[in-house]
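Biologist: I am new to this structure and would like a close look at a single part of it, explained slowly and with the reasoning spelled out. Could you choose one part and follow it outwards to its surroundings?

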Amino acid sequence: RYGQTPLELDELAGLIPSISTKAELDELELRNIQRALIWARRSRKVRDGLLTVGVMCELHRQMFRDVW
């Protein structure tokens, strides 16, 4: 079944929360990405400099901050 695959040890090592399957990881990443989109829509940083390296790094951090 999709999502029941256990995570590899190297994947588990970098995770912040305690999860064990790809489905749990996918769900957590999706929630973070949804929160990051809300942040991006409200962020003056994004409106003023979307294509700058700094803003793209901050967006990436926002997307995965509670996962990796």
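Modeller: A helix here is a DSSP run of H or I that is at least four residues long, and the helices are numbered from the N terminus. In that numbering R47 lies in helix α3, and this is a predicted model, so every value that follows is computed from predicted coordinates. The part I have chosen is helix α2, which covers residues 22–42, and R47 is a convenient way into it, since leaving aside neighbours within four places in sequence R47 is in contact with R41 and R42. R47 counts as exposed because its relative accessibility is 52%, and the cut-off for that word is over 50%. Of the two arginines that R47 touches, R41 has its place in helix α2, and at 61% relative accessibility R41 likewise counts as exposed. The C-alpha atoms of R41 and W68 are separated by 23 Å, although the two residues are 27 apart along the chain. R42, the other arginine in contact with R47, can be set against R61 of helix α4, for the C-alpha atoms of R61 and R42 are 16 Å apart, with their positions 19 residues apart along the chain.

Moving back along helix α2, we come to N32, which lies in this helix and makes a contrast with the exposed R41. N32 counts as buried because its relative accessibility is 0%, while a residue needs to be under 20% to be called buried. What does N32 touch, not counting residues up to four places away in sequence? The list is Q62, M63, R65, D66 and V67, and in addition a polar contact of 2.7 Å joins the side chain of N32 to that of R35.

V67, which N32 touches, also leads to the nonpolar interior, for it is one of the six residues that make up the largest nonpolar core, together with L7, L15, I19, L25 and L28. In soluble globular proteins, nonpolar side chains tend to be buried together. L25 shows how such a core is joined across the sequence: leaving aside its neighbours within four places, L25 is in contact with L7, L15, I19, V67 and W68. A second core, separate from that one, has five residues, among them A36, V46, V55 and L59.

W68, which L25 touches, also meets E11, whose place is in helix α1, residues 9–14. Not counting residues up to four places away in sequence, E11 touches K22 and W68, and although E11 and W68 are 57 residues apart in sequence, their C-alpha atoms are 9.2 Å apart in space.

Charged pairs are the next thing to follow, beginning in helix α2. How many salt bridges does a search of the whole structure find? It finds two, and one of them joins E27 to R31, with the closest N and O atoms 3.0 Å apart. Why are these two residues separated by about one helical turn? It is because E27 and R31 are four residues apart in helix α2. E27 counts as partly exposed because its relative accessibility is 48%, and R31 is partly exposed too, with a relative accessible area of 41%. Side chains of opposite charge can pair when their charged atoms come close.

The other pair is in helix α4, where R61 forms a salt bridge with E58 and the closest N and O atoms are 2.9 Å apart. Here the two residues are three apart in the helix, and therefore separated by about one helical turn. R61 is partly exposed, with a relative accessible area of 45%, whereas E58 counts as buried at 16% relative accessibility.

Between helix α3, residues 44–49, and helix α4, residues 53–64, there is a loop, and L51 has its place in that loop. Is L51 buried or exposed? L51 is exposed, because its relative accessible area is 79%. With L50 and M56, L51 makes a nonpolar surface patch of about 330 Å², which contrasts with the buried residues of the core that L25 belongs to.

Methods:
Residues are numbered from 1 along each chain as its sequence is written. This is a predicted model: local features need pLDDT of at least 70, side-chain atom pairs count only at pLDDT 80 or more; totals for chains, interfaces and linings use all residues. Side-chain values use heavy atoms; hydrogens and water are left out. Patches are made of residues with over 30% relative accessible area and no salt bridge: like charges are joined within 9 Å, nonpolar side chains (Val, Leu, Ile, Met, Phe, Trp, Tyr) within 5 Å. Accessible areas come from the Shrake-Rupley method with a 1.4 Å probe; for residues, only the protein chains shown count as cover. A salt bridge is a side-chain nitrogen of Lys or Arg within 4 Å of a carboxyl oxygen of Asp or Glu. Buried means under 20% relative accessible area, exposed over 50%, partly exposed in between (1.4 Å probe, protein chains only). A nonpolar core is a set of buried Ala, Val, Leu, Ile, Met, Phe, Trp, Tyr and Cys residues joined through side-chain atoms within 4.5 Å. Contact means heavy atoms within 4.5 Å. A polar contact is a pair of N or O atoms within 3.5 Å; within protein, one must be able to donate a hydrogen and the other to accept it, and residues adjacent in sequence count only if both atoms are side-chain atoms.
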